[in-house]
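Got a minute to go through a model and ask why its labels are what they are? Each label gets held up against its cut-off.

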Amino acid sequence: PAHAAPGEEELPRVPRRRLGKTEQTIPILVMGGSMRFDQRFDPKLAECVRFGVNYFDVADCYAGGTSETAVGNFHSRMKNRKDIWITSKSDAHDPDGLEETVQTSLRKLKTNYVDLYFLHGLKDPGYLTADLARRAEKLKKEGKIKFFGFSCHAGNVDELMMKASELSWIDAIMFRY
């Protein structure tokens, strides 16, 4: 439970579970960033954190490209970056495009690292190449991303999950079921 102020009741907390190969625990509910947030300070984000939903799922393309800036402005104002988990995503699936998008995400998110970075909406397992693996590992070594994976929502989720199971460098997958 959240710590309560004197005379206040403790707030319930969203349960947490281990995420993929990361060894990290995240809340079983996450705050999706495909909606528009107040760019100055969105109270929905603050309420999430109050109840233990400290995982923010954003992407370079969500909400017209504004989800990352809203989360960046939120944690900058709250001074709570170390207390939140940020996952962002790239529509670029090639190594150069991925790295460029990571750089843009870091700037918009006002942070020097992202907890988890996904190739967004992966459909073709052919993008999971040795070149992409090297680039993801480089970004990890530089401290720009902690973990790497992909989201997949097409009809071949099972094929993509099987391919990922063969790859040591895929830490987590977000999939449709």
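What follows is a set of questions and answers on burial, cores, salt bridges and one helix.

Q: Before we start, what kind of model is this, and which atoms count?
A: It's a predicted model, where local features need pLDDT of at least 70 and side-chain atom pairs count only at pLDDT 80 or more, while totals for chains, interfaces and linings use all residues. Residues are numbered from 1 along each chain as its sequence is written, and side-chain values use heavy atoms, with hydrogens and water left out.

Q: Why is Asp-115 called buried?
A: Buried means under 20% relative accessible area, exposed means over 50%, and partly exposed is in between (1.4 Å probe, protein chains only). Asp-115 comes out at 4% relative accessibility, so it counts as buried.

Q: Where does Asp-115 sit, and what does it touch?
A: Its place is in strand β6; strands (E, at least two residues) and helices (H or I, at least four) are DSSP runs, numbered from the N terminus. Contact means heavy atoms within 4.5 Å. Not counting residues up to four places away in sequence, Asp-115 touches Arg-81, Ile-84, Trp-85, Ile-86, Lys-146 and Phe-147.

Q: What makes the approach of the Asp-115 side chain to Ile-86 a polar contact?
A: A polar contact is a pair of N or O atoms within 3.5 Å; within protein, one must be able to donate a hydrogen and the other to accept it, and residues adjacent in sequence count only if both atoms are side-chain atoms. The side chain of Asp-115 reaches the backbone nitrogen of Ile-86 at 2.8 Å, so the distance is within the limit.

Q: How do you know that Arg-81 and Asp-115 form a salt bridge?
A: The test is a side-chain nitrogen of Lys or Arg within 4 Å of a carboxyl oxygen of Asp or Glu. Here the closest N and O atoms are 3.1 Å apart, and the pair passes. Arg-81 lies in the loop between α2 and β5 (85–90) and Asp-115 in strand β6, so the pair ties together parts 34 residues apart in sequence. Arg-81 is buried too, with a relative accessible area of 11%.

Q: What about Arg-40 and Asp-38: buried or exposed?
A: Arg-40 has 66% relative accessibility, so it's exposed, and Asp-38 is partly exposed at 27%. Their side chains meet in a salt bridge at 3.0 Å, N to O.

Q: How many salt bridges are there, and which residues are linked in a network?
A: The structure holds 17. Asp-96, Glu-99, Arg-135, Lys-138, Glu-142 and Lys-144 are linked in a network of them. Within that set, Arg-135 and Asp-96 meet at 2.9 Å, and this pair links helix α4 to helix α3, 39 residues apart.

Q: What makes a set of residues a nonpolar core?
A: It's a set of buried Ala, Val, Leu, Ile, Met, Phe, Trp, Tyr and Cys residues joined through side-chain atoms within 4.5 Å. The largest one has 36 residues, with Leu-128, Phe-148, Phe-150 and Trp-169 making the most contacts inside it. Apart from it lies another core of 8 residues, among them Ile-26, Tyr-55, Trp-85 and Phe-147.

Q: How does the reach of α2 compare with the expected span?
A: The expected span is 1.5 Å times one less than the number of residues. With 12 residues, α2 reaches 17 Å from first C-alpha to last, close to the expected 16 Å. Its buried residues pack against α1, β4 (55–57), β5 and α3.
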